[in-house]
Amino acid sequence: MSLTGEINKLVGKATELIDTFEAKKDEIDQEVQAAVAAFPETHKVFYVDALTGNDSNAGTKEKPLRSLQGAVGRTPINGSADIYLLSDVTLPPERYPLRNKSIQLYGHRSPSGRVKLNVTAFEKDGYAYLSGWNTFGLNAGLMLRFVDIEFPTYTGDLPGYNRYRSIIGNFAGYVQTLSHFAISDAKLTFPNENGFGWLACASDTGLVFLGNSIVDVNGNMSGQYVDGADASNPSNTSQLITNLATL
């Protein structure tokens, strides 16, 4: 076959391929779009307003949720969420699971410019607990920014349950748990008497750090940041990674 004949043959094959692709193009596009739509969205954004919100809302700024846990509950497993608090929030007397979820709480979009997170002390099964979350899995953690934290006064006489007297604590018995906790641009208020609670429990594997911005402490939180850590030199604490020089 002459060179011209070979070229014409190749051109014909190329034309066949183009025609085949054009015939399948719409079908391929539809299948790709269906695959993308089926892939779960792992990052969410929610707004919470304890005054006007409703947990049946969509969680947008115009239609916020009412409770913080309502937003955490809608965060996908193995996913993350930015949660913007539009009003002061009181954590109810309960411990919630934070299983493979990374939560970032922001308070700077409220009308006041920041919000207060009131933490509750409560009694259960012969122990005193702090309201908050129990972490499960390597992606479980909490970050707080532009939020003022008010720790409670405990008036009872029950002993505090070690892991659950902190806002965020490791689930007992699971050393593979990585509890990461970060805080920045925040004010921490701890009662002068009968103050109860810690920021985080990291006596097992944990990552606890302060952001680059200022964290204002009222002077009563000495030794109360991280339960299970060496207060004078946190780097000495087994399995704890932190950028804090002292606690």
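**Exercise 1. In what order do the strands of the open sheet of 5 strands stand, and with which pairing?**

Let's begin with the sheet, keeping in mind that this is a predicted model.

Step 1. Follow the open sheet across its strands: the order is β3-β6-β11-β14-β17, and the pairing is parallel.

Step 2. Look at the edges. β3 (89–90) and β17 (215–217) each have a single partner strand, so one side of each is left without a neighbour in the sheet.

Step 3. Now pick out one pair. Strand β6, residues 115–118, runs parallel to strand β11, residues 147–150, and 4 bridges join them. One of the residues to find here is Val-115, whose bridge partner in β11 is Val-147.

**Exercise 2. Decide whether Thr-75 is buried or exposed, and describe its surroundings.**

Step 1. Locate Thr-75: it sits in the loop between α2 (68–74) and β2 (79–85).

Step 2. Compare its relative accessible area, 2%, with the cut-off for buried, which is under 20%. Thr-75 is therefore buried.

Step 3. Check its side chain, which reaches the backbone oxygen of Ala-71 at 3.1 Å.

Step 4. List its contacts beyond four places in sequence: Phe-46, Ser-80, Ala-81, Lys-101 and Ile-103.

**Exercise 3. Find the residues with the most contacts inside the largest nonpolar core, then explore Ile-83.**

Step 1. The largest nonpolar core holds 41 residues, and Leu-68, Ile-83, Ile-149 and Ile-183 have the most contacts inside it.

Step 2. Turn to Ile-83. Setting aside neighbours within four places in sequence, its contacts include Phe-46, Val-48, Leu-68, Ala-71 and Ile-103.

Step 3. Connect the two exercises: Phe-46 and Ile-103 touch Thr-75, and both are also in contact with Ile-83.

How values were computed: Residues are numbered from 1 along each chain as its sequence is written. This is a predicted model: local features need pLDDT of at least 70, side-chain atom pairs count only at pLDDT 80 or more; totals for chains, interfaces and linings use all residues. Side-chain values use heavy atoms; hydrogens and water are left out. A nonpolar core is a set of buried Ala, Val, Leu, Ile, Met, Phe, Trp, Tyr and Cys residues joined through side-chain atoms within 4.5 Å. Buried means under 20% relative accessible area, exposed over 50%, partly exposed in between (1.4 Å probe, protein chains only). Contact means heavy atoms within 4.5 Å. Two strands pair if DSSP finds at least two bridges between them. Helices (H or I, at least four residues) and strands (E, at least two) are DSSP runs, numbered from the N terminus. A polar contact is a pair of N or O atoms within 3.5 Å; within protein, one must be able to donate a hydrogen and the other to accept it, and residues adjacent in sequence count only if both atoms are side-chain atoms.
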